[in-house]
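Reader: Hey, could you walk me through this model? I'd like to start with the DNA.

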2 protein chains.
Amino acid sequence: MATRTDKTLTEQLAINIADAVLSGEFVSGQRLDEQMLAQRFNVSRTPVREALRHVASSGLVEIRPRRGAAVASIDKNDLEMLFVAMGELEAACARLAALSMTPIERRRLNALHEKMADYVTGDLPEAFAESNLDFHAQIYAGAHNRALAEMTAGLRRRLAPYRRAQFRTPGRLPHSHAEHGAVVAAILAGHAAEAHAAMLHHMTLVESAFEEFSSASAA
Amino acid sequence: MATRTDKTLTEQLAINIADAVLSGEFVSGQRLDEQMLAQRFNVSRTPVREALRHVASSGLVEIRPRRGAAVASIDKNDLEMLFVAMGELEAACARLAALSMTPIERRRLNALHEKMADYVTGDLPEAFAESNLDFHAQIYAGAHNRALAEMTAGLRRRLAPYRRAQFRTPGRLPHSHAEHGAVVAAILAGHAAEAHAAMLHHMTLVESAFEEFSSASAA
DNA sequence: TATAGTCAGATTGTATACAAAAATCGTAGA
DNA sequence: TCTACGATTTTTGTATACAATCTGACTATA
């Protein structure tokens with residue numbers, strides 16, 4: 001979804017609504033009244049409706065005909081399903097990246113990976129988390145497949161709220177970095193199957209790390 | 001996309017427009033004037049706009065702000081990209097199917113595969129093509145991951161027009177069936193990595209079969 | 001008391017009207 | 001003849017009005 005400079009209210013609204021959902025301001029299951037949203041953003045119902053449908057296409061909200069929109073209520077099964085799907089997509093990106101990355105892209109990925117080693121030794125989870133986004137984004141881009149990259153990035157954005165505390169788990173930082181190392185090594189060597197397996201392994205561990213954590217937050 | 005019985009004009013329109021694009025009635029690059037569509041379907045512009053945005057979310061049409069909608073023009077690079085992405089998604093589904101299919105699902109898949117053998121010996125490409133849809137659909141379902149299954153099925157639908165003549169290529173039928181056999185064997189045995197590799201192999205061959213064919217149809 | 005039916009209020013779906021931007025066409029000038 | 005500018009026309013974006021459906025409460029009846 002090439003988010004260019006759209007000045008249209010619909011696009012702005014879609015972003016605002018998605019943000020409100022992702023930030024937790026609109027909680028899971030909450031009904032999204034069109035009039036309420038229109039009033040809140042000082043626009044008419046028309047762009048609100050279009051924005052809601054746009055956000056719905058990413059799965060963040062659900063629209064039932066003649067019954068209105070609501071923030072998609074994700075139960076534990078759905079969440080696990082999405083994590084699994086994301087693991088597969090990330091692994092596919094890593095596989096393609098191993099096949100398609102240019103030498104420059106490979107070098108940049110390796111450089112980022114080495115920089116992140118410092119964040120591990122310095123125990124800087126925030127910096128690591130930020131660079132982690134870059135790390136995965138570089139792999140999406142390196143797959144040289146816009147369709148796949150967009151799907152993967154979209155899923156990651158959608159799951160972001162459930163991963164906030166990911167690197168807070170004690171000892172997770174060095175583990176993550178080691179798993180990244182395996183992915184990087186396979187990609188640099190151009191070993192597609194290994195890159196796939198390594199990324200899948202990494203994402204599976206991320207998922208289980210989440211699950212240990214998720215007894216706190218209900219859906 | 002749970003297509004329930006929506007009587008809303010928007011939903012009907014979205015289906016009609018998508019069909020018109022997929023059937024080739026609306027050709028690649030053609031502008032889709034809102035008024036024109038509204039007149040054609042005897043509705044107002046409002047449901048047309050919503051339907052267009054819905055169809056756009058599947059990639060069939062492109063909407064540029066303040067410049068209207070047009071049938072997505074897919075060049076050769078885009079098409080190859082989509083085929084690659086679909087291969088990866090199919091492979092992911094096969095991988096998960098190997099891990100998650102129930103005994104009943106495995107038996108049904110095997111039964112279908114054996115039935116398709118008859119279509120090969122009988123040289124019935126139409127019957128094979130029809131069952132081929134089932135074959136892949138069963139694998140999507142067997143992955144037990146709705147998110148992934150929907151993405152894959154969506155991509156397949158979108159690429160369907162470019163695969164029409166797939167099984168017309170002489171000698172393609174037995175090849176396809178043999179590749180299917182490798183996939184089925186891996187899934188039945190629960191060998192995830194093999195299922196992944198076999199499906200990837202299959203889809204890559206499908207893609208190249210298409211490429212041999214595609215010198216005729218321009219984008 | 002529980003249940004079914006009906007009616008009022010609220011909310012979504014669709015149509016139309018108006019505003020703003022873009023595309024088109026013609027004309028003037030070099 | 002070609003280019004550049006400007007007005008007209010067309011098309012999209014947004015607001016509002018109206019129609020259809022759903023929700024929920026109240027009442028009547030078993």
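Author: Below we go through the DNA contacts, one loop residue, and then the protein interior. This is a predicted model, where local features need pLDDT of at least 70, side-chain atom pairs count only at pLDDT 80 or more, and totals for chains, interfaces and linings use all residues. Residues are numbered from 1 along each chain as its sequence is written, chains are lettered from A and ligands numbered from 1 in the order in which they are written, and side-chain values use heavy atoms, with hydrogens and water left out.

Reader: Cool. Which residues come nearest to DNA strand D?

Author: Those are A:Leu9, A:Ser44, A:Arg67, B:Arg49 and B:Arg66, out of 20 residues around the strand. A residue is near a strand if one of its heavy atoms lies within 4 Å of it.

Reader: What part of strand D is the protein touching, sugar or phosphate, or bases?

Author: Of the atoms of DNA strand D within 4 Å of the protein, 73% belong to sugar or phosphate, and bases make up the rest.

Reader: Which phosphate contact does A:Arg67 make there?

Author: A polar atom in the A:Arg67 side chain sits 2.4 Å from a phosphate oxygen of DNA strand D. A:Thr10 has a side-chain polar atom 3.2 Å from a phosphate oxygen of that strand. For bases, an N or O atom in the side chain of B:Arg45 is 3.0 Å from a base nitrogen of DNA strand D. Here a polar contact is a pair of N or O atoms within 3.5 Å; within protein, one must be able to donate a hydrogen and the other to accept it, and residues adjacent in sequence count only if both atoms are side-chain atoms.

Reader: And what about strand C, who's closest?

Author: A:Arg49, A:Arg66, B:Leu9, B:Ser44 and B:Arg67 are the closest of the 20 residues that surround DNA strand C. Sugar and phosphate supply 75% of the strand C atoms that come within 4 Å of the protein.

Reader: How does A:Arg66 reach strand C?

Author: Through its backbone: a polar backbone atom of A:Arg66 is 2.9 Å from a phosphate oxygen of DNA strand C. B:Arg67 has a side-chain N or O atom 2.6 Å from a phosphate oxygen of this strand, and for A:Arg31 the side-chain distance to a phosphate oxygen is 3.3 Å.

Reader: Where is A:Arg66 in the fold?

Author: A:Arg66 lies in the loop between strand 2 (61-64) and strand 3 (68-71) of chain A. Strands are DSSP runs (E, at least two residues), as are helices (H or I, at least four), numbered from the N terminus. Its phi is near 65 degrees, which is positive, in a residue other than glycine. Most residues other than glycine have a negative phi.

Reader: Is A:Arg66 buried or exposed?

Author: A:Arg66 counts as exposed because its relative accessibility is 75%. Buried means under 20% relative accessible area, exposed over 50%, and partly exposed in between (1.4 Å probe, protein chains only).

Reader: Switching topic, where is A:Gln138?

Author: A:Gln138 is in helix 6 (residues 125-142) of chain A, and it counts as buried because its relative accessibility is 16%.

Reader: What does the side chain of A:Gln138 reach?

Author: The A:Gln138 side chain reaches the backbone nitrogen of A:Leu109 at 3.3 Å. Leaving aside neighbours within four places in sequence, A:Gln138 has contacts (heavy atoms within 4.5 Å) that include A:Met101, A:Glu105 and A:Leu112.
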